[in-house]
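Thank you for making time for this, everyone. I would like to walk you slowly through one structure, pausing on each term as it comes up.

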Amino acid sequence: MGNLIKRALEHSVNRRTFLGWSAAAVATATVALSGPESGLVKVGSKAEAADAASEGKWISAACWHNCGGRCLNKALVKEGVVIRQKTDDTHPDSPDFPQHRGCARGRSQRQQVLGADRLKYPMKRKNWAPGGGKKELRGKDEWVRISWDEALDIVAGEIKKAQAAGGPKAILAGRLDSRLLNAMGGALTTWGVTSEGAWPQVEAKMYGSYPLQCSDRFDWRNAKLLVIWGANPAWSSAGNPIYNYLQVKKAGAKVIVVDPYYSATAQALADEWIPVRPGTDAALLIGMAYHMIKNNLQDQAFLDKYCVGFDADHMPKGADPKESFRDYVLGTYDGVPKTPEWASNICGTDPMVIRHFANELATTKPAIMNSSAAPARTYRGQQYCQAYLTVGFMTGNVGVSGGGVFMSYHSRQSYSSISMVNGGSSGVPALPNPLHPYETYTFSKPEKTDWYSMAYEETYDAILKGEFTLGQRGKTKCDIKMIYSLRTDSGGNFLNQSSGTNKGIEAMRKVDFIVTSDIVLSTVSKYADVVLPECSQWEKAGALRTGNPEAVFYQEQIIEPLYECKEGIWMERELAKRLGVDPEKVHPLPIKQQFFNQIASAKVVKPDNTGMESLVTITDADIAEWKVAGKPQQGRITLKEFREKGAYQVPRAAGDKLVNIAYKAFRDDPEKNKLATTSGKLEIHCKALSDVIHAYGFTECPPIAMYQAPVEGFEDTFKDFKAGVKGEYPLQMFTFHYPRRSHSVFDNVRQLREAFPQEFNMNPADAAARGLTEGETVLITSKWGKAIRPLHLTERMTPGVVTMGEGAWVDKDDETGIDKAGATNSLSGTRLSGQGEQPWNTCIVQVGKWTGAPLTPDYLWKQRIVF
Amino acid sequence: MAQKGFYFDQTVCIGCKTCQISCKDKNNVAPGVLFRTVHTFEGGKFPKPWAYFISIGCNHCENPRCVQNCPTGAMHKRAEDGLVVVDQDVCIGCKYCTWSCPYSAPQYLEEKGVVGKCDGCVDLTAKGGNPTCVDSCIMRVLEFGDLAELKKKHPGVQVVEGMPDPSLTGPSIIIKAKPEARK
């Protein structure tokens, strides 16, 4: 490390003509360049042009976050110093074969990796002592630098102690699987759905596939209507999805965006914006279905042939014919016709707009509907998914060119669901958690009885109350002594990112010991006892980055590990030695070997779409150079080319053989190509869905789409809904993905804070009623917490609805209980719903005057620099 | 001299600010200093609101006020391509340019005591490349090149609601404007 600083300084002094580092950048952005600033003067453009980038090397650099995109990111490295970044320029750019350009976050990667607030040394909380010490000081205690030996001895000792007290069940590993703990009998884990809300089980049971199939982006251009439901790909699926949508529009499709907020996507693409209140989309859809049925606009032939449960004549075997969707909509048995007026009273959308939208959707063929997961991140969110799919099926847009009833999000949005190129396996053998031998994200087997773990939303209650739900087995007792959260990829910042942060802080202050690893002092680490400094991906041997259906990205090591940072693998191997566990069993493969294995087993689709073939040619010389175990193989590109480009992108052109139309086989021959549902058809009435939701043990789900008021939905903003009397928390708050960060990652980066101020958005009418004005700091309160934020007034917000971006780094004052960062989870409560989804978008709040000091802009705040 | 300039297609800009951030990365400027900025404009009335963005750096004006008001000659307009650049070895940090530019293009760099600004990424464009902002754009709404060529290729305007009167300086920019943004 010292060497790197020395080189950086020499570089700046000797090569005064190039370096553009300003003193401010030195102070805030880089450890590699800290030191005297005298040499760091940027010169005029003449000299700069002469110098140019004739030296230095562009290296493909990881952008490893769970942001919603997957793009190419490169770093210019000169003499060991990262000078600047760029994105994809590996081939000429065109809409058919577009470059994969990174976003504002990716372009700030250097600021994150080399930030002055990187964690540098192992450290412990000053007032921690075996047993916990002064637990109430977690989150505000001083940090003490310790040696790696001391840190590892403490952690190993605490693991032994917790296991002696309560076995594997005494340690909570949370969402992040620990191979070390799994090798020692496992640990308590948490499961459920975050990103996708209530979608997974609905997709699996009604459609027969999870994830849902989607058609190829070239086929999207055949649509005459594109409905984007609750999605803002401009900000939440960074990279090409929004650009692909633009091509759909340019090809002639009309675009309708349904959203409570007139989003960046809406303003760029929408011919029409349909506002809807959060958590009420199901009501809007059911009102649309009423209009379609009353005017006989549904594709009855499609419903009769391909679906079950729409009407009494087409019910699945064994179902009560009175339970048809049609009869529910018409109010045949409950006496409540679900008219557009009925819907409007709930969702707020004008009844005439509902009729017009229903007409348009039912009569424009072919049409693509694409939903995000946001409307399903609600209490009882299944009802939205059921209603969305049902109305989609009523239009018959399944399995046809230019049509689709899709749910796609993240980097796959706008693409086919089929990966045309993928990174292979790292070759690390599975080491499952004996306490929960299933997947944790979207855990789908609640009916089994061999799992012992809890829903994300129940974590804090499990710690505080000592019990949690085991599906239909009911509540079980627990006594959690320790939280173990080694975070290899910036994920797992649960205290910030799960509902109910205030309850979470209380829970964090109850256990005896908390260890995390981190690259910066994120919220979960701030409240820990021992924090271990982790290498960022730029300091590791490399990996392939996947998730983009048409490209795979090669990331390699950019810099040596900073300060005393270590890889998570090293930490667990060292702990294993102290705990008498074989480190080879825990982490048998170094990262470089894993990287090589991924490359060797990467596959790419054959140009004639007849299967997959190896992507990379590997020679004996490559293997020798890499110093890894492997075999030579023939692939499409050489390892050298892959490394130099930093990416492989499947060549695409209009009319190529790779165009896939989702569910076409089913549409062409539903008898021969049955879906993986109970009936083999699309299930508008779906008992399997009701059964599985029941098995989780939280809420019940009717077999057809019905609207039931969610907890903390629109209805709960009233003291008396029928009389129209508003209650204590009269506003609905939803959250959105903010370009300032990837969930909570990057929130510390000042240039992103400057660009995106974490403002609280409200309609001017709601502000006027409260005497609030643009830009002032306001106090936001909920049943669960308080936050302050600068107010932004905008007609783009639906009245009665407010929003701000999720993921701000909690900055809570214990005295007042106020979070000045405006983390949305400081305002959300924990709620158990459906399949353990996190219902962030059903949350009710009040907003009022703030009489304290106004907030300064976030980018001027002190960074969390520990040492 | 072939005057260089920017084209901006406002109709599909998504306000993602990748241009602003990639510019900061390229120029290594601290928070508080922006050589390119994305501004948001909003209006209308629910349920018919509107919104648009303006991405703007230096417009390398025909009559740059910053050059006219520079007492040292540090700020100058290049004969070969009309780019307005500052020689930081000559600049004395008097800030006259920062006060006279209607677009806030020249920015005072506190820690260096001189002015910096968008120079059209001359180091990149000299080699036939684009300025960083152009090549970073997710929606491909920015272009850079000979102004006359850009005008031919893209019929557009020099000003939209929210920008200063173009007759002040003659900005080298062509904008495809959203209906709500048209003056």
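Helix H15(A) is followed by Gly348(A), whose phi is positive, near 85 degrees. Before going further I should say that this is a predicted model, in which local features need a pLDDT of at least 70 and side-chain atom pairs count only at pLDDT 80 or more, while totals for chains, interfaces and linings use all residues. As for the labels, residues are numbered from 1 along each chain as its sequence is written, and chains are lettered from A and ligands numbered from 1 in the order in which they are written. Helices (H or I, at least four residues) and strands (E, at least two) are DSSP runs, numbered from the N terminus.

Which residues of H15(A), residues 340–347, are buried? They are Pro340(A), Trp342(A), Ala343(A), Ile346(A) and Cys347(A). Seen down the axis of H15(A), these buried residues fall within an arc of 155 degrees, so they line one face of the helix. Buried here means that 20 or more other C-beta atoms lie within 10 Å of a residue's own, whereas 12 or fewer would make it exposed and anything in between partly exposed, with the C-beta atoms placed from the backbone. The arc is that of the directions from the helix axis to the C-beta atoms. What covers the buried residues of H15(A) includes helix H12 (281–294) and H16 of chain A.

That brings us to H16(A), residues 351–363, which has 13 residues and reaches 18 Å from its first C-alpha to its last, close to the 18 Å expected at 1.5 Å a residue. The expected span is 1.5 Å times one less than the number of residues. In H16(A) the buried residues are Ile354(A), Phe357(A), Ala358(A), Leu361(A) and Ala362(A), and, seen down the axis, they fall within an arc of 120 degrees, so they line one face of this helix. It may help to recall that an α-helix has 3.6 residues a turn, so residues three or four places apart point the same way. In the loop between H16 and strand S12 (367–371) of chain A sits Pro366(A), and the peptide bond that leads to Pro366(A) from Lys365(A) is cis, with omega near -5 degrees.

For contrast, please look at H10(A), residues 241–250, where seven of the 10 residues are buried, so the helix is largely enclosed by the rest of the structure. Its buried residues pack against helix H8 (217–220), strand S8 (225–229), helix H9 (233–236) and helix H11 (264–269) of chain A. After H10(A) comes Gly252(A), with a positive phi near 120 degrees.

Now for pairs of helices. How do H7(A), residues 199–207, and H28(A) pack? Their axes are 8 Å apart and the angle is about 150 degrees, which makes H7(A) roughly antiparallel to H28(A). Gln201(A), Val202(A), Lys205(A) and Met206(A) of H7(A) make the contact with Ala688(A), Leu689(A), Val692(A) and Ile693(A) of H28(A). Axes are lines fitted to C-alpha atoms, for helices over the stretch in contact, and angles run from 0 to 180 degrees between N-to-C directions. Angles under 35 degrees count as roughly parallel, over 145 as roughly antiparallel, 65 to 115 as roughly perpendicular and the rest as oblique. Two residues are in contact if their C-beta atoms, placed from the backbone, lie within 7 Å.

The axes of H5(A), residues 148–166, and H22(A), residues 568–579, come within 9 Å and cross at roughly 55 degrees, and that makes H5(A) oblique to H22(A).

The loop between helix H28 (687–696) and strand S29 (718–720) of chain A holds Cys701(A), which is buried, with 30 other C-beta atoms within 10 Å. Leaving aside neighbours within four places in sequence, Cys701(A) is in contact with Gln382(A), Leu689(A), Ser690(A), Ile693(A) and Gly834(A). Glu712(A) is found in the loop between H28 and S29 of chain A, and it has a positive phi of about 60 degrees although it is not a glycine.

Finally, the two chains: their contact takes 44 residues from chain B and 51 residues from chain A. On the side of chain B that touches chain A, the largest share, eight residues, comes from H1(B).
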